[in-house]
Amino acid sequence: MSDSETKETAGISRRTMLKAGGATLGAAAFARAFAPLTEWKPTTSVDDFLQKHYKEMSKTDMDSVLRRLEVETKENYGADVSIEDVKPLDGVKFGYALNLSACIGCRKCADACHKENNHDRATNNSYIRVFEMEQGSINFEHGNATYDHEVPADGKYYMPVQCQQCDNPPCVKVCPVEATWKEKDGIVVVDYDWCIGCRYCEAACPYHARRFNWKKPEVPAEEINPVQAYLANRMRPQGTMEKCHFCLHRTRKGRMPACLEACPTGARVFGNLLDPESEIRWVLANKRVFVLKEDVGTVPSFFYFFDQ
Amino acid sequence: MMAVTLGCQDFSSKVDVTELSSEPEQKTVHNTQIVSSRNLGTLEVQLGDRTEGVRCGVCHTTTNESPANRPDELTEFHTEMEFGHGDLTCNACHNPEDRDQLRLADGRSLAFENTLLLCAQCHGPQMRDYRRGAHGGMKGHWDLNKGPRTRNHCVNCHDPHDPAFPKMFPAPPPRDRLMPKKKEEADH
């Protein structure tokens with residue numbers, strides 16, 4: 001690990017450079033226009049340097065980026081992976097609901113996310129944080145996410161928190177380079193190749209749902225999930241932000257998110273909000289659902305409920 | 001005493017949900033299957049180095065004259081069973097005339113593979129939630145036009161004799177030191 005680490009921190013980080021530039025000039029448009037130039041560093045390949053913004057890439061552009069990323073993953077991690085650019089489905093907007101009466105805080109969801117999404121092994125990173133809460137309290141800021149005892153503990157309940165895929169996402173608004181945006185199926189995505197690592201989005205998120213790669217994520221080759229997508233679980237570069245993407249590499253193909261399948265209590269309900277027959281719509285209509293921090297106006301696509 | 005006919009059917013009893021009409025009618029390409037984690041209606045018996053699922057009727061050939069009704073009345077057999085399901089008696093669920101069958105409250109016999117209906121008669125709200133996907137979890141596809149789905153049987157999570165969901169040890173906590181400040185303090 002130390003070898004690659006020194007290599008990456010030795011030169012001036014392109015991300016640090018750009019952050020400084022952006023801050024001084026204070027203009028998002030400036031940062032956007034000059035992003036490729038200021039990002040240059042010795043380890044940046046020419047292709048990397050010339051890559052266009054996600055939304056401007058043609059299918060051919062994207063294909064060559066994907067093949068390059070596959071080769072890089074082989075070089076850096078020794079793993080053969082296949083990376084796809086999975087697009088949103090027509091007529092689909094995703095919603096997620098979580099039954100807090102059923103959840104026992106076992107963290108199997110967080111663990112499944114860790115593996116599915118090729119998270120750094122050293123930090124045991126995951127897009128889901130499970131808060132142990134006092135019964136009666138509803139503010140997860142007062143919860144404890146590092147409990148380590150048999151669950152459920154008496155007098156406690158558990159609240160898993162991940163990206164709420166807000167319809168009014170504060171994280172998207174503050175990004176100076178449009179490296180994060182909301183797609184038509186409701187998923188807020190990050191282009192790790194466009195992110196400059198300024199961490200404004202992390203600060204803007206009221207749910208602490210964004211994670212920063214302080215180091216190059218380390219995952220042993222044999223543990224890497226080889227089924228990857230560009231905006232999802234491919235290996236993230238050091239210095240970039242990441243977050244839950246509702247397992248779009250699975251869900252955009254009709255499958256359940258990994259965290260839902262891993263839940264031993266059946267607390268999680270996922271589906272298409274635009275389909276009136278879906279399980280998620282039934283929950284919204286028949287359970288008293290609520291969203292976290294409703295007052296901040298983020299309009300989440302993630303709901304919580306208690307039985308009764 | 002035991003002229004044993006071993007119950008060597010396939011391990012997981014699979015019930016088509018549409019047969020049970022326990023999920024709302026759907027016109028989809030793929031369907032949902034309820035998969036139980038054990039072979040219902042058998043008792044696991046250790047035979048040498050093998051464990052076999054033995055049908056109840058193998059031993060229960062005659063009707064017991066003074067059948068045990070409650071767990072504490074069992075002295076010779078099934079004694080290791082934990083029981084914590086209110087104050088239900090064995091025969092509230094098991095058919096005393098035919099131990100290879102369950103029994104509904106109205107006296108009708110019910111096959112073990114329809115255990116869901118047994119639970120449903122006393123737990124309507126959970127059954128309703130289960131039918132709508134809001135209890136009991138699932139695996140596979142949210143979009144049944146893209147692929148199939150499997151559901152847990154009630155007994156995969158709830159032992160019918162001791163149904164409270166078991167406690168467990170959680171997966172390890174995150175090890176990053178970058179949690180928001182407030183929470184780190186709360187941990188100490």
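Select chain B together with chain A: 18 residue pairs between them are in polar contact, both residues at pLDDT 80 or more, a polar contact being a pair of N or O atoms within 3.5 Å, one able to donate a hydrogen and the other to accept it, with residues adjacent in sequence counted only if both atoms are side-chain atoms. This is a predicted model, in which local features need pLDDT of at least 70, side-chain atom pairs count only at pLDDT 80 or more, and totals for chains, interfaces and linings use all residues. Residues are numbered from 1 along each chain as its sequence is written, chains are lettered from A in the order in which they are written, and side-chain values use heavy atoms, without hydrogens and water.

Next, select α4 (124-131), β7 (138-140) and α6 (181-187) of chain B, the elements that each give two or more residues to the side touching chain A; helices (H or I, at least four residues) and strands (E, at least two) are DSSP runs numbered from the N terminus. Of these, α6(B) gives the most, with four residues.

Then display D129(B) and K287(A). They form a salt bridge whose closest N and O atoms are 2.6 Å apart, the rule being a side-chain nitrogen of Lys or Arg within 4 Å of a carboxyl oxygen of Asp or Glu. Across the interface, three salt bridges are found.

Widen the selection to the whole interface. Here 37 residues of chain B are in contact with 50 residues of chain A, contact meaning heavy atoms within 4.5 Å.

Finally, select chain B alone, which has six helices and eight strands.
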